[in-house]
Amino acid sequence: MKRKTQRKRVKHAERQYTVIFEPEAEGGYHAFCPALQGCHTQGETFEEAMGNIQEAVTAYCESLRKHGESLPEE
């Protein structure tokens, strides 16, 4: 069965961001958030990729706030 690209919403504080999950040819998933440039991760399973992207979105947003920048809108 071929795995399909999936879209999910990830919530951080008062914002929600769309995340794209792409199956990788070797197995696992590549996950990224288009609204947060450069926010990418991966996981061996969909669940691992989901957990990793939630952590990545949180770290990205915390870094923006630490540097006095506003959170992007989708």
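**Figure legends: views of the predicted protein chain**

**View 1. Secondary structure of the protein chain.** One helix and four strands make up the secondary structure of the protein chain. The model shown is predicted. From the N terminus onward, the elements follow the order β-β-β-β-α. Along the principal axes, the C-alpha atoms occupy a box of roughly 45 × 20 × 15 Å.

**View 2. Pairing of strands β3 and β4.** Strand β3, formed by residues 29-32, pairs with β4 in the antiparallel sense. Four bridges connect β3 and β4. Within this pairing, alanine 31 lies opposite threonine 41 of β4.

**View 3. The two faces of strand β4.** Side chains alternate along β4, which spans residues 40-43. Thr41 and Gly43 are directed to one face and are buried. His40 and Gln42 point to the other face and are not buried. Thr41, on the buried face of the strand, is also the residue that stands opposite alanine 31.

**View 4. Burial, surface and contacts.** The protein chain comprises 74 residues, of which 35% count as buried. Its accessible surface comes to about 4,900 Å², and carbon and sulfur atoms contribute 46% of that area. Among contacts between residues at least 6 apart in sequence, 31% join residues at least 24 apart.

**View 5. Charged side chains.** The protein chain carries 10 positive and 12 negative side chains. The centre of the positive set and the centre of the negative set lie 7 Å apart.

Key:
Residues are numbered from 1 along each chain as its sequence is written. This is a predicted model: local features need pLDDT of at least 70, side-chain atom pairs count only at pLDDT 80 or more; totals for chains, interfaces and linings use all residues. Side-chain values use heavy atoms; hydrogens and water are left out. Buried means under 20% relative accessible area, exposed over 50%, partly exposed in between (1.4 Å probe, protein chains only). Contact means heavy atoms within 4.5 Å. Accessible areas come from the Shrake-Rupley method with a 1.4 Å probe; for residues, only the protein chains shown count as cover. Lys and Arg count as positive and Asp and Glu as negative; His and the chain ends are not counted. The place of a charge is taken as NZ of Lys, CZ of Arg, CG of Asp or CD of Glu. Two strands pair if DSSP finds at least two bridges between them.
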